[in-house]
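Me: Please take a close look at the part of this structure where charged side chains meet, and then carry on to the rings and strands. Plain wording will do.

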Amino acid sequence: MEYNAFISYNQGQDLRFAAALQAGLTRFAVPWWKSSDLRICLDRTDLAQSSALWPSIEKKLAASDWLVLLASPGAARSRWVDREIEWWLANRSPERLLIVWTDGALVWNGSEYDATVRGNALPPRLAQVFSDEPNVLDLRKCRQGFRRRWPHRVWPRFGETVGATVAAIRGVEPRHLLGQHGHYQRQLRRTVRSVGVALAVLLVAATVAGVKAVERDAEATRQRDVALSRQFATQSDALLATDPTSAQRLAVAAWQVSHTDEAAYSARNAMFSRQRAVFTAEPGFSDAVFTAAGDRLVTVGAEGSMVVFDVASRAEVGRIATGHQGWISDLAISATGDYLATAGEDHTVRIWDARTWTQSGRTIRVEDEKVRTVEFSPDGQMLASADNRETVSFWSVRTQEPVGDPIRTGSDITDIAFDRSGRLLATAGRGGVQMWDVTTRSKAGPFLKSAAHDVETVAFSPIADRLITGDDDSELQVWDSTTGGFVTDMQTGHSTYVRDVLFSPDGRVFATVGGEEDVMLWDANTGKRLSLPLSGHTGLIGSMAFSPDGTALVTVGNDDTTRVWEVHSNLAVRAFPGKHDGFVHEVVFSPDGEVVASAGADGTVRLWSAKNNSPIGEPLRGDFQEASDVAFSPDGRRVAAATHEGTVVEWNVDTHELTGPIIKANFHGDHGEWVDSLLYARGGELIISAGHDGKVRFWSSSSHQEQGRPLDIGHGQIFGTALHPNGVLLAIGNADGTTGLWDIDTRLPAGDPLSEADSSNAIRKVAFSPDGNTLAAAGSDGTVRLWDVRSRTSIGDPLADNAHDVRGVAFSPDSTMLAAGSGDGRIRLWDIKTRKQFSVYLAEHAAAVTGVAFTGDGTRLASSSWDKTVRLWDMGDQASPVRTICAFRDELTPDEWTRYTANEPHRNTCRG
């Protein structure tokens with residue numbers, strides 16, 4: 001064998017330890033003046049970095065006599081380790097596998113491995129391999145020593161394990177090998193001592209010089225990695241809109257090379273993106289469909305050509321001259337994927353063999369009329385075409401001859417659709433939808449009248465007796481396709497009309513397009529929105545199509561782009577059922593993240609279950625007409641509301657009962673009675689309120705009595721307050737544009753105001769970052785200003801993206817991201833370190849966003865709005881965006897790596 005052993009390990013967790021083990025194995029029981037005859041394969045140093053990485057690994061495995069597995073939770077999750085073990089079990093005996101335990105848990109119940117233990121170190125593929133508990137070499141303590149750079153403290157135990165491993169590989173007794181190793185080590189020490197003091201001095205000098213050289217090399221390497229990371233991040237940001245796949249791979253590479261601020265931003269930004277690919281063409285596309293395998297995209301457009309792209313590489317792989325003169329208005333593919341149909345403005349329809357990319361039979365000519373749309377029957381035997389003569393014609397796919405008489409609807413046709421059996425055809429048009437019996441060409445059921453003027457689109461569910469129509473009033477209507485009975489209607493949130501509706505092949509999801517640039521995805525079973533709108537087009541979307549497996553959606557826009565999207569997203573939004581009966585002014589999470597509280601202009605505070613997406617009990621009420629702010633006590637057992645009647649009301653969260661008398665917090669100051677802001681302090685013992693009278697007051701949460709003198713800010717109405725994590729520093733945002741800091745113990749200002757008075761820019765909300773370093777002040781001028789708390793200086797220019805006032809602001813738990821809710825109904829996300837805005841908008845509210853709040857783990861964001869709703873956003877794995885991307889996206893190949901950086905050797909960025 002070329003190698004005595006192959007080390008299988010997790011690069012991200014055990015690289016340094018594996019390298020030390022490789023060195024120890026090759027030098028154990030070998031005289032210092034001789035080279036070792038033991039060859040140990042470690043893929044980081046021995047494997048060729050080529051585009052065929054696995055064949056190279058497989059070749060090394062085949063050339064190895066033993067497999068040494070470094071067992072750890074990281075190795076148990078690694079797809080590379082799993083593949084190496086799979087090969088070994090298929091080609092070698094498990095008796096030639098040595099397990100070195102470096103981290104995690106290994107629990108055996110007799111002969112069976114317990115795979116339920118958290119932090120399992122053994123890859124699942126090995127759980128049932130051994131008939132009895134195998135011999136495991138435990139190096140967990142040694143690994144901790146190496147991690148803390150203390151190898152000398154754990155070397156004796158490490159040496160014993162290395163000796164046992166070498167003994168197994170060589171097939172000798174461990175005691176004999178350990179004795180031999182000890183003899184050689186003593187011999188080495190005697191030789192070293194004999195060289196004398198002079199050589200020792202020289203050695204020390206050389207060592208110091210060597211250490212400094214190593215440090216210089218390490219610093220040079222670090223700086224080179226930082227530069228490369230920033231380069232990758234810049235390239236990722238530039239490509240995200242046009243080549244999202246490459247952008248995501250580059251973002252992962254940027255983070256894995258060096259954890260720079262730029263890489264962190266790019267990784268999160270790429271994680272938020274749902275685009276797989278973007279295709280551009282001049283003068284543009286009119287329609288697109290996936291081929292049966294889902295790996296190719298067929299597009300048609302203005303020049304009358306049919307162009308085929310490879311989805312993964314975005315490369316053009318075929319171009320067919322269709323013979324159409326001018327625009328191709330519609331493109332359809334049969335359910336089996338065998339045939340394509342094109343309809344042109346030249347009054348013709350052509351059928352194509354999707355396997356040979358040649359026209360099938362003759363050209364179908366529609367006399368003197370433009371064909372609007374074509375649709376294959378579910379069995380692929382018949383093609384229906386709708387034209388401007390208010391007529392639907394039927395054609396044989398095999399012969400291109402007419403099949404029976406056409407259907408004459410008597411009104412304009414905007415869309416057609418077959419049901420799943422192929423026996424019904426629906427035509428959409430003025431005033432509603434009519435279903436027809438395809439066999440008899442007669443009406444099948446009543447006319448489905450729309451409440452709006454016109455129905456723009458129609459679609460049958462492929463798995464249920466349901467028909468969905470979309471009208472010019474942005475509504476969807478759901479009908480029973482067997483009886484024609486009305487089932488329900490749905491508000492889509494599209495700004496004008498519903499232009500198109502389409503079911504996924506499995507019927508579980510449907511997509512809608514309106515009179516704007518976004519696509520919305522829906523759960524077909526519940527009728528609930530699945531995620532954020534798919535945003536990226538800069539013009540109207542003309543058509544869309546699902547991939548055969550339903551995981552991707554292609555959209556064609558009049559911005560000369562065709563975009564492919566991931567259907568399933570890391571970002572999802574849920575609206576809590578029911579609404580306040582008025583504006584919602586604020587929203588907040590309980591400390592454990594399980595409950596959401598909202599303060600409404602309807603005189604209620606409502607509690608919602610973040611887990612079950614449902615209200616908790618009846619709304620909380622008191623002697624007030626409008627709640628302006630809400631806060632949980634630190635233990636989550638109480639919730640308090642500020643009111644427009646100048647009071648603070650507190651309830652027990654479990655019982656919904658008042659905890660004591662209502663606090664009269666505002667004594668009819670010059671600016672009215674409202675209390676605009678409140679919060680808990682001193683572990684929940686103190687309630688702090690602020691409002692229109694320009695004063696901040698302090699209350700005992702147990703007696704509800706005022707504690708000491710109030711703070712008279714002297715800057716008019718107070719809109720927002722925030723307490724620093726140290727529990728002492730209070731930030732106050734004022735109507736006159738000033739932001740001040742106060743000490744709640746001394747009741748004195750903590751320095752001068754952070755900003756000068758500006759009556760045109762009232763400070764609506766303030767928030768401290770959880771690490772206490774930054775203060776955000778949201779203004780009515782549409783900006784958020786960031787302040788360094790320690791130096792009291794502003795951090796760069798204000799964050800700005802719109803002219804609408806910012807009414808809600810919150811930091812993520814790790815202090816790296818800021819969410820800002822604005823008057824235009826959108827929530828914008830900013831990276832604090834780079835001060836860049838993320839490309840995704842959270843745009844679901846129909847009116848101003850008034851409050852935003854993160855959960856303690858950053859995975860969810862709650863928002864409140866003047867549209868009377870509270871929404872909950874799933875934000876994905878904010879802690880590990882790279883892991884999220886690697887779960888569905890391959891890493892940069894060696895060829896791609898070379899294309900983006902010519903001189904740096906390729907690195908595996910998603911492995912492990």
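Reply: Arg96 has a relative accessible area of 32%, so it counts as partly exposed; the term covers values between buried, under 20%, and exposed, over 50%, found with a 1.4 Å probe on protein chains only. This is a predicted model, in which local features need pLDDT of at least 70 and side-chain atom pairs count only at pLDDT 80 or more, while totals for chains, interfaces and linings use all residues. Residues are numbered from 1 along each chain as its sequence is written, and side-chain values use heavy atoms, with hydrogens and water left out.

Asp65 is likewise partly exposed, at 27%. What joins the side chains of Asp65 and Arg96? They meet in a salt bridge with an N to O distance of 2.9 Å; the term requires a side-chain nitrogen of Lys or Arg within 4 Å of a carboxyl oxygen of Asp or Glu. Asp65 belongs to strand 3 (residues 64-71), while Arg96 is in the loop between helix 5 (79-91) and strand 4 (97-101), so the salt bridge ties together parts 31 residues apart in sequence. Helices (H or I, at least four residues) and strands (E, at least two) are DSSP runs, numbered from the N terminus.

Arg92 offers another kind of contact: its charged end sits over the ring of Trp88, 5.5 Å from the ring centre. For this, NZ of Lys or CZ of Arg must be within 6 Å of the ring centre and within 35 degrees of the ring normal. Arg826 lies over the face of Tyr841 too, at 4.4 Å from the ring centre.

Across the whole structure, a search finds 33 salt bridges. One of them joins Glu262 and Arg230, at 3.3 Å from N to O. Glu262 is in helix 11 (residues 261-272) and Arg230 in helix 9, so this pair links parts of the chain 32 residues apart. Glu262 counts as partly exposed at 26% relative accessibility, and Arg230 counts as partly exposed at 42%.

Asp781 and Arg785 also form a salt bridge, their closest N and O atoms being 3.3 Å apart. Both ends are partly exposed: Asp781 has 29% relative accessible area, and Arg785 has 27%. Elsewhere, salt bridges link Arg224, Asp225, Glu904 and Arg907 in a network.

Asp471, in strand 25 (residues 466-471), is a case without such a partner. Asp471 is buried and has no salt bridge, and the nearest side chain of opposite charge, Lys449, is 11 Å away. Lys and Arg count as positive and Asp and Glu as negative, while His and the chain ends are not counted. What does the side chain of Asp471 contact instead? A polar contact of 2.8 Å joins it to the side chain of Gln477. A polar contact is a pair of N or O atoms within 3.5 Å; within protein, one must be able to donate a hydrogen and the other to accept it, and residues adjacent in sequence count only if both atoms are side-chain atoms.

Next come the rings. The structure holds 11 aromatic pairs. In one of them, Phe232 and Trp897 are edge-to-face, 5.2 Å centre to centre with 70° between the planes. Phe232 lies in helix 9 (residues 196-239) and Trp897 in helix 13 (residues 894-900), so the pair ties together parts 665 residues apart in sequence. Phe232 is buried at 0% relative accessibility, and Trp897 is buried at 1%.

The ring centres of Phe279 and Phe309 are 4.9 Å apart and their planes are at 45°, so this pair is tilted. Rings of Phe, Tyr and Trp (its six-membered ring) pair if their centres lie within 6.5 Å; planes under 30 degrees apart are stacked, over 60 edge-to-face, and the rest tilted. Tyr265, Phe272 and Phe838 form one aromatic cluster.

Last, the strands. An open sheet of 4 strands runs in the order 18-19-20-21 with antiparallel pairing. Its edge strands, strand 18 (371-376) and strand 21 (407-408), each pair on one side only. Strand 19 (residues 382-387) and strand 20 (residues 391-396) pair over 5 bridges, where two strands need at least two DSSP bridges to pair. Ser385 has Ser393 of strand 20 as its bridge partner.
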